[in-house]
Amino acid sequence: MPHKCTKCGREFEDGSTEILRGCPSCGGKKFLYIGESKRHDDVLEGKTIEELAAETGTEEMEVAETPSQSRKKEEVRDRIDCYEQVEAIRILEPGTYELNIEKLARDEEMVVGFGKEGKYFVDIFSMGKHKKKQ
Amino acid sequence: MNFLIRAKLTVSNLFHAFFHKKKSKIGIYGPPNAGKTTLANRIVRDWTGDAIGPVSEIPHETRRARRKENITISGSNGNSITIDIVDTPGVTTKIDYNEFLEYGLEKDEAVIRAREATEGVAEAMHWLRDDIDGVIYMLDSTQDPFMQVNIMMIGIIESRKLPVVIVANKIDLPDAAPQRIRSAFPQHPVVPISGMEGDNIEMLYEKMAETFR
């Protein structure tokens with residue numbers, strides 16, 4: 001009997017340890033342990049995984065996320081955000097600011113963004129200065 | 001040969017003495033309203049009888065980094081360090097003037113406060129880049145330590161290889177959970193204190209004398 005990811009329907013062999021880290025395809029954390037007879041019903045009969053779960057009376061199994069995993073994920077996301085943003089400070093409106101503290105900590109150069117997207121102020125003076133040696 | 005070894009030792013002693021005399025600048029960092037200025041005031045008052053700046057319950061009361069020089073702190077085992085304490089504005093990733101309106105500030109005043117606070121964070125990060133030799137990272141132990149900004153700041157401090165003491169503040173409050181902070185940052189010393197009441201402050205001085213030598 002295989003496990004099925006409730007989010008994307010990907011199947012995993014019985015006893016697969018892969019699912020302990022969540023579904024590699026979609027990151028889903030819930031899996032349904034499903035019998036051979038119903039295994040393809042989601043595709044053949046267009047049923048949702050929830051319907052299958054209700055039919056078979058099997059409970060969905062949820063893989064718990066450890067705090068360190070979620071922390072790492074957050075860190076990775078932060079890093080990506082940081083590289084995607086060119087500005088150190090974004091002015092959303094007068095009095096509302098978003099600060100990119102990693103950028104502020106790393107670079108001498110100051111780029112300020114205005115509004116939601118597309119407008120930037122580049123402080124050329126800050127870029128002309130010599131960088132201090134670390 | 002003997003002469004050479006002796007000369008080498010003298011040079012190394014001089015070198016050591018020269019660098020040992022260098023005074024460390026210790027920055028108190030942390031999110032807004034963690035109690036940074038309260039602690040800075042306590043440290044400065046305990047060792048010099050002075051104060052560093054006003055405190056308030058409205059976030060971002062400290063909007064410029066403030067420095068107090070030549071504070072000598074002694075631990076019980078005779079360890080003694082002379083440092084400059086830098087009290088910094090609370091570091092955060094978003095500053096919105098609307099937040100200050102809830103504390104009864106007028107809009108104009110709140111907008112100015114937000115702008116000054118933003119400049120303050122930029123300034124605090126600038127200090128961290130060039131001038132700071134050690135960090136007291138201050139957290140409110142009634143709050144969740146896993147906030148993005150804390151993880152990022154500790155990461156930045158670690159990447160700069162700065163010695164750090166984490167302070168779990170406000171342990172006098174009923175819902176304080178300093179243990180949560182300890183498990184969030186097991187790689188660094190964590191000292192639970194109450195900056196307001198002065199609980200456990202001696203232990204912090206010991207840890208500072210040990211870490212910032």
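pLDDT is the predictor's confidence in each residue, on a scale from 0 to 100. This is a predicted model, where local features need pLDDT of at least 70, side-chain atom pairs count only at pLDDT 80 or more, and totals for chains, interfaces and linings use all residues. Residues are numbered from 1 along each chain as its sequence is written, while chains are lettered from A and ligands numbered from 1 in the order in which they are written.

**View 1. Chain B and the predictor's scores.** Chain B averages a pLDDT of 89, with 90% of its residues at 70 or above. The complex gets an ipTM of 0.76 and a pTM of 0.68.

**View 2. The open sheet of chain B.** Six strands (DSSP runs of E, at least two residues, numbered from the N terminus) line up as β2-β3-β1-β5-β6-β7 in chain B, with mixed pairing; strands pair if DSSP finds at least two bridges between them. β2 (66-74) and β7 (190-192) of chain B each have a single partner strand, so one side of each lacks a neighbour in the sheet.

**View 3. Strands β5 and β6 of chain B.** β5 (residues 134-140) and β6 (residues 164-169) of chain B run parallel, paired over six bridges. Look for Val135(B), which sits opposite Val164(B) in β6(B).

**View 4. Where chain A meets chain B.** Chain A brings 16 residues to the contact and chain B brings 25 residues; two residues are in contact if their C-beta atoms, placed from the backbone, lie within 7 Å. Across the chains, β6(A) and β4 (residues 94-96) of chain B pair in the antiparallel sense over three bridges. Here Tyr97(A) faces Ile95(B) in β4(B).

Terms used: Helix = DSSP H or I, 4+ residues; strand = E, 2+ residues; numbered from the N terminus.
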